[in-house]
Amino acid sequence: MKRKEQAFFHNLVAITALIILVLIVLFCVLYPMFADTTYWKISGERLQRPSLEHPLGTDNLGRDVMVRMACGGRITLSVAFCSGLVAAVTGTVIGIISGYAGGGVDSVIMRLMDAISSIPSLLLAIVFDYALGMGKGYFLFGIAIAGIPPFVRLVRGGVLEISGSAYAEASRALGARSLHVIKEHVVRNILPLAAIQTTTSMADALTICTILGYISVGINPPVPEWGALFDTGKEMLRAFPHLSIVPAAAIILCIICLYLLGNGIRDSLSIRGGAA
Amino acid sequence: MSELLRVEELIKHFPAKKRGGLSVRAVNDVSFTVNEGETLGLVGESGCGKSTLGRSVLRLVEPDSGRIFYRGTDLMKMRDLRKVREKLQIIFQNPSGSLDPRMLVRDIISEGPRIHHRNVSRQELQELTGRLMREVGLSAEYAECYPSELSGGQQQRVSIARALALDPEFIVCDEVVSALDLSYQSQIINLLEALQTERGLSYLFISHDLAVVRHISRRIAVMYAGRFVEVAEAGELVKHAFHPYTRLLLRSIPIPDPQCGRRGTAAISAGSVGIGQAPQTGCAFADRCKWARASCREEEPPLREIAPGHFAACGLV
Amino acid sequence: MNEHEILLEVRGLKVSFHTPRGIVQAVGDASFQVRRGEVTGIVGESGSGKSVSAYAILGLLAGNGKAEAGSAVFRGRDLLPLGEKELRRIRGSEISMIFQDPMTALDPAFTIGKFLTEVLRSHDRTVSRREAWRRSIQMLTAMGIRTPEDVMRCYPEALSGGMCQRVMIAAALLCGPQLLIADEPTTALDVTIQEEILSLLLQLKEKQGMSILFITHDFGVVARLCDRVAVMYGGYIMESGSVEQIFHSAVHPYTQALLRAVPRLEDDGDEPMEALAGDPVDLIHPPQGCVFAPRCPQCSEECLLKRPLTADLGDGHTAACHFVREGGGIHV
């Protein structure tokens, strides 16, 4: 395992992306703790320019934008990370079951996945929010469920390929039961695929979350969210461009970093060829 | 020499891919025995069913019918094969494909013992792995390598060590040297022969290369379209081949000597070719056989003893 | 036609690939020639650079590969500096190539007829469809195919491996090339089918006076088909000469060892097979001296330090070994 980690650390782009993501997360977690104001508190004049006291100025209600960015990031990023992880874990488990069981179970699961992916993920999130109670964060499950089908397809394909491989057959020839083959070979070879898909899925979740914030679904004011922050900022785009540019930049930066991280994981986990 | 494995009337047909198509008779009524410490060679062209036969014998592919006796017990009647799996092993053709690319060599070799003996200590496994690696001629430094970091010959040594880890009595060698370079090929063959002498192993050695099979086997079975068409002692088969297919095979093998008098274009008149399908009745080789008679296309000839220990399935007997 | 006219002369070819792990020197120094109307074989194990040499001649190297030095003169013109456009004009019409796996070389979406007529028409637009069809059928018949019309209407999946290879050879010969480069064309086929393809190639050589550069790992095939042979190892030509010279009076330890390792039918299996110990060359860090030195039974200090020059033993027989002297003497 050591060499694979080394390979990852040699990947400068991926490691930079990871550092940026960690810094953003740290900022979101730590900044509000040390700031002397909070996201809902009116802490000064309305629409101030950036200053030492308010590094990003204040918004149209006089709230500190920097602290609202940090608190919004907590929401946006945790929604992205959590729903990405939920999708990854459920998707991987369902995919392994589907690929290994085959037959009827497999067709039922795959048709279910087709059904889910035919619903736009945004719609799924909105429906969950309205159906299960608004403002309680249930839309997260909508986003997570929308992220499951690609995982299932990916993992199922991988399972079929691996369980048909010569090394899985060799393992059966040694007397291994299915469970052993799954544990020893399938999971081991699926994980890299799943890891890459997880970052993709997190980036997708982040997009949906900010769109929901932008159209004011799911999270209610005064709780900030990057998409919502961008929405308020865009009305003053001419006079105070930083109000919309900063949240937009944060969103884009996170998505790019997640993709680069995924690529980095893929490169470091890919099997290097023999002699050539 | 006592009998180790006896296979009787083994049949494995695969259903047709297309609706209305013919099912593929991969293994069609095959019987043979392998004695202790003996190598039975199995030659045939690609698609003749030799690999399916090798897998069916171990029930890695479930045969349709037939009996497989290992030391007197019928494997076909056994529910749980885990106990006999230790004694019956297989080594595959493509060494890189049959090794999990994400496992270290030492974990690959110790997989069998980890499956069967749950309570072996780490140290015991390490010792066993070290001993096996020495036995197959791999230096200890490779234990911490991934298969992709090894050459083809070394990878095949790892597969052999993995098969040996459970101390088997019988190993199916499925085209084990076909993917290897000439210099590795002889290394691996010599290793297999040395292991056979030391451990008293029996092999079913499957290959498309008659010269390799001839070297390692005592007896050779020639397979064509799912059936054994000729079985004989290795020397006898090469010198006094009877079946037209065996003869064609022997003549087709390029001889590594430019002065063998086989440089001409008309050395073998294999005839012109069309798009053909294997006939469903009669001898499967009849269409390619220049001695074929009308009766050959009607009745499938059984395997008959034409000389002591020499069997052939040909209508011309 | 001059009997010894040299059709293709490769000199000092050097090919490297840039990979994440370092520069792989696939071919270090290769010189060989193909004479008109002869079959020249390049024989070697995997990683010896035999296929790469052929690909380099036709500019078919992968994107990270480059022919760094040397020349490949074909009918008076060096092919290595040519651009893609000029090479494409030469490929198929003057030099054709057939590959190891005929099944994957054919596009499954086209019928054989469509494929063959397209091959013809892509080189010469003036050929009518009907004419192209007629010539394709003629060519398939020349390949020994009994029912060319049926084959023309087939998709590749309906054909056997041997039939696919016949179609590939037909496609390679449609535009009447002077040189056919065959990269292990029979390795994926059964021996009985291999024999048919080999005798077909020999017929084509004799009837049409075609020259063939045949790349293989199989000494049996070399003996059956080739007039001249070059033995390659680790990117260098170890020994070259006529088949008789290579098979009966090989002087290079590598050639001798390989020939002893060839499994033979008359071998009764009582003795262990002659094996060549050790592993092939690491092409990223090739040894300083002779590439074969680490595996060579005769290796001396000089072999480890200095790369041997190619010595001419007369009659076109050459060998690159410190133990071989110019003019034929072998000193021990």
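**Note on chain B: sheet, helices and contacts**

1. Strand S10 (residues 227-233) of chain B runs antiparallel to S12(B), and two bridges join them. Within this pair, B:Val231 stands opposite B:Phe311 in S12(B). The model is a predicted one, and the points below should be read with that in mind.

2. On the hairpin: strand S11 (residues 304-307) of chain B and strand S12 (residues 310-312) of chain B pair in the antiparallel sense, with three bridges. B:Ala307 has B:His310 in S12(B) opposite to it. Two residues lie between the strands of this hairpin, in which B:Gly309 takes a positive phi near 75°.

3. These strands belong to an open sheet of eight strands in chain B, with mixed pairing and the order S6-S7-S8-S3-S9-S10-S12-S11. Strand S6 (88-91) and S11 of chain B are the edge strands, each pairing on one side only. From one strand to the next the twist averages 25°.

4. Two helices on the sheet deserve comment. Helix H1 (residues 50-57) of chain B lies across strand S3 (39-43), S6, strand S7 (170-174), strand S8 (202-207) and strand S9 (219-224) of chain B. Its direction is at about 155° to S8(B). H6(B) also packs on the sheet, where it touches S6 and S7 of chain B. The direction of H6(B) makes about 170° with that of S6(B).

5. Helix H5 (residues 122-135) of chain B has 14 residues. From first C-alpha to last, H5(B) reaches 20 Å, close to the 20 Å expected at 1.5 Å a residue. Just after H5(B), B:Gly137 takes a positive phi of about 80°.

6. Which residues of H5(B) are buried? They are B:Leu128, B:Thr129, B:Leu132 and B:Met133. Seen down the axis of H5(B), the buried residues fall within an arc of 130°, so they line one face of the helix. The face turned away from this buried side carries the exposed residues B:Gln123, B:Glu127, B:Arg131 and B:Arg134. The cover over the buried residues of H5(B) includes helix H3 (105-109), H4 and helix H6 (152-164) of chain B. H6(B) thus appears twice in this note: it touches S6 and S7 of chain B, and it is among the elements covering the buried residues of H5(B).

7. B:Gly112 is found in helix H4 (residues 111-116) of chain B. Is B:Gly112 buried or exposed? B:Gly112 counts as buried because it has 27 C-beta neighbours inside 10 Å, where 20 or more are required. Leaving aside neighbours within four places in sequence, B:Gly112 is in contact with A:Leu174, B:Arg162, B:Ala165 and B:Leu166. The list thus includes a residue of chain A, A:Leu174. B:Val43 is 69 residues from B:Gly112 in sequence, and the two are 29 Å apart in space, C-alpha to C-alpha.

8. Last, the interface with chain C. In chain B, 42 residues are in contact with 47 residues of chain C. Helix H7 (182-199), helix H8 (210-216), helix H9 (234-239) and helix H10 (244-252) of chain B are the elements that give two or more residues to the side touching chain C. H7(B) gives the most to that side, with seven residues. By type, the residues of the side of chain B that touches chain C divide into 20 nonpolar, 14 polar and eight charged.

Technical notes
Residues are numbered from 1 along each chain as its sequence is written. Chains are lettered from A and ligands numbered from 1 in the order in which they are written. This is a predicted model: local features need pLDDT of at least 70, side-chain atom pairs count only at pLDDT 80 or more; totals for chains, interfaces and linings use all residues. Helices (H or I, at least four residues) and strands (E, at least two) are DSSP runs, numbered from the N terminus. A residue is buried if 20 or more other C-beta atoms lie within 10 Å of its own, exposed if 12 or fewer, and partly exposed in between; C-beta atoms are placed from the backbone. Two residues are in contact if their C-beta atoms, placed from the backbone, lie within 7 Å. Two strands pair if DSSP finds at least two bridges between them. Ala, Val, Leu, Ile, Met, Phe, Trp, Tyr, Cys and Pro count as nonpolar, Asp, Glu, Lys and Arg as charged, and the others, Gly among them, as polar. The expected span of a helix is 1.5 Å times one less than its number of residues. The arc is that of the directions from the helix axis to the C-beta atoms. Axes are lines fitted to C-alpha atoms, for helices over the stretch in contact, and angles run from 0 to 180 degrees between N-to-C directions.
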